[in-house]
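Biologist: Please take me closely through one part of this model, the salt bridges and their surroundings, and carry the account on from there to the neighbouring helices and the surface. I would rather have one connected explanation than a list.

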Amino acid sequence: MLLPLQLRYGLEARPYALALLFSILGTWQFLRLLAQPSRWNGMLYFLVLVLGAYTAPYTLFLQAGYVLWAVFFQTNRPVRILSAAALALACIAFSPWYWATANYLKSYLAVTSDVGFKITPKFLLLPIREISGGGYVCSIALILLAIVGFRSRRIPTPMRTCLTMGLIAGTVCVLATDLTFGYFFAIRQIMFILVPIILLAAAGIESLLEEKRPRVLAVLLTLFAMGAMVKNVRYFSDRSEDWSAAAVALKQATDTGACLQYAGADDPRFYTFFERSLAQHICPTSAASITLIAVPSTRYTAIKDLQEKQAGLLKAGYRAFDTFRAGGATVTVYELAR
């Protein structure tokens, strides 16, 4: 609960915190299935997998690592059959959603293709920096505790292998999927590997206590806590993104007689949620008699879409008249050249 990544997605109206919950429940239910391989536990594991998949499909990758471990390293035949069946049935249950939205996914990926999947020199550092959500200090302390836990005897060797395979599958499968579909990589896609990382880190804490190495433990926990606290405070105090302020700025532009146009896939509802009157100031299809047009853009606006919008207005005889920033949004007002 101290992790800045969990705090962020726990507060945002997005599904990732819920998906992380299902990843935790999936790991717990897999361990129950391991201890008591019954049809009932197999059905519960299947249910958690389906709920996780319909919340965020990438949750299946972590569980796939666990199931692969069971299939190849477990001698208990019922465990192998029940876990593999649960995963296979979960994929089948998820397939109708995928096929029903396949066309939408293709069109969405086409819109975001200007970003795409890119491997840069800093790419390998990104997961290390962001896996905790608290930057290098917080993440490295957490990773070092997990390494200590992996090397300790607190977790039996088979379970260490299981958690490691979940961690690897939850990362490699995400990268392979992003590469296949040309989608950009983001830490939220692999945040589910926090489950095995936290379990290993907890074992690392216990190991350091048993080995009577309090100074090492104190340093790592202090770095982790300080990194997490600083990031959490910054998260609440950051004002670089304020949709309410951006909506007010747009309203001021409409008060001067400008109508609104949006670039590409930018959604007007981000602004109209705070200023409902903005919905009445969308530019009509025929812009022949419009004098002023205001175009908002944010860091989420695709550069390609913004350039196309600007080029279209310039071609239609408009020129940039005024530009101002508010709440992380840039509003450019175009005036019809006389």
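Modeller: A salt bridge is counted here when a side-chain nitrogen of Lys or Arg lies within 4 Å of a carboxyl oxygen of Asp or Glu. The model is a predicted one, and a search of the whole structure finds 10 salt bridges.

I begin with a pair of sequence neighbours, Arg-129 and Glu-130, whose closest N and O atoms are 2.8 Å apart. Arg-129 has a relative accessibility of 28% and therefore counts as partly exposed, since that class lies between the limit of 20% for buried and the limit of 50% for exposed. Glu-130, with a relative accessible area of 24%, is partly exposed too.

A salt bridge with a longer reach in sequence joins the side chains of Glu-210 and Arg-154, at 2.4 Å from N to O. Because Glu-210 lies in helix H9 (residues 194-210) and Arg-154 in the loop between H7 and helix H8 (157-181), this pair ties together parts that are 56 residues apart in sequence. The two partners differ in class: Glu-210 is exposed, with a relative accessible area of 52%, whereas Arg-154 is partly exposed, at 37%.

Another salt bridge is formed by Arg-213 with Glu-211, where the closest N and O atoms are 3.0 Å apart. Arg-213 counts as partly exposed at 40% relative accessibility, and so does Glu-211 at 42%. The backbone of Lys-212 deserves a separate look, with this background: most residues other than glycine have a negative phi. Lys-212, however, has a phi near 55°, a positive value in a residue that is not glycine. Lys-212 sits in the loop between H9 and H10, and its relative accessible area of 72% places Lys-212 among the exposed residues.

The salt bridges are not confined to single pairs, for Arg-8, Glu-12 and Arg-14 are linked in a network of them. Arg-8 also leads to the packing of two helices. Helix H1 (residues 4-11) and helix H10 (residues 214-237) pack at an angle of about 25°, with 9 Å between their axes. That angle makes H1 roughly parallel to H10, because angles under 35 degrees are put in that class. On the H1 side of this contact are Pro-4, Leu-7, Arg-8 and Leu-11, which meet Ala-228, Lys-231, Asn-232, Tyr-235 and Phe-236 in H10. A general point helps in reading such a set: an α-helix has 3.6 residues a turn, so residues three or four places apart point the same way. Arg-8 thus appears both in the salt-bridge network and in the contact with H10.

Which residues of H1 are buried? They are Pro-4, Leu-5, Gln-6 and Tyr-9, and Pro-4 is also one of the residues that meet H10. The buried residues of H1 pack against several helices, namely helix H2 (16-35), H6, H7, H9 and H10.

Two of those helices return at the surface. Leu-125, Ile-128, Tyr-136, Ile-140, Leu-144 and Ile-147 form a nonpolar patch there, with about 470 Å² of accessible area together. Helix H6 (125-130) and helix H7 (135-151) are the elements that give two or more residues to this patch, and H7 contributes the most, with four residues. Ile-140, a patch member, lies in H7 and is partly exposed, with a relative accessible area of 39%.

To complete the view, I add two residues from other helices. Val-71 lies in helix H4 (residues 59-73) and counts as partly exposed at 35% relative accessibility. When its neighbours within four places in sequence are left aside, Val-71 is in contact with Arg-80 and Ala-84, while the C-alpha atoms of Val-71 and Leu-82, which are 11 residues apart in sequence, are 9.9 Å apart in space. Pro-96 lies in helix H5 (residues 77-111) and is partly exposed as well, at 48% relative accessibility. From Pro-96 to Thr-254 there are 158 residues in sequence and 44 Å in space, C-alpha to C-alpha.

Technical notes
Residues are numbered from 1 along each chain as its sequence is written. This is a predicted model: local features need pLDDT of at least 70, side-chain atom pairs count only at pLDDT 80 or more; totals for chains, interfaces and linings use all residues. Side-chain values use heavy atoms; hydrogens and water are left out. Patches are made of residues with over 30% relative accessible area and no salt bridge: like charges are joined within 9 Å, nonpolar side chains (Val, Leu, Ile, Met, Phe, Trp, Tyr) within 5 Å. Accessible areas come from the Shrake-Rupley method with a 1.4 Å probe; for residues, only the protein chains shown count as cover. Buried means under 20% relative accessible area, exposed over 50%, partly exposed in between (1.4 Å probe, protein chains only). Axes are lines fitted to C-alpha atoms, for helices over the stretch in contact, and angles run from 0 to 180 degrees between N-to-C directions. Angles under 35 degrees count as roughly parallel, over 145 as roughly antiparallel, 65 to 115 as roughly perpendicular and the rest as oblique. Contact means heavy atoms within 4.5 Å.
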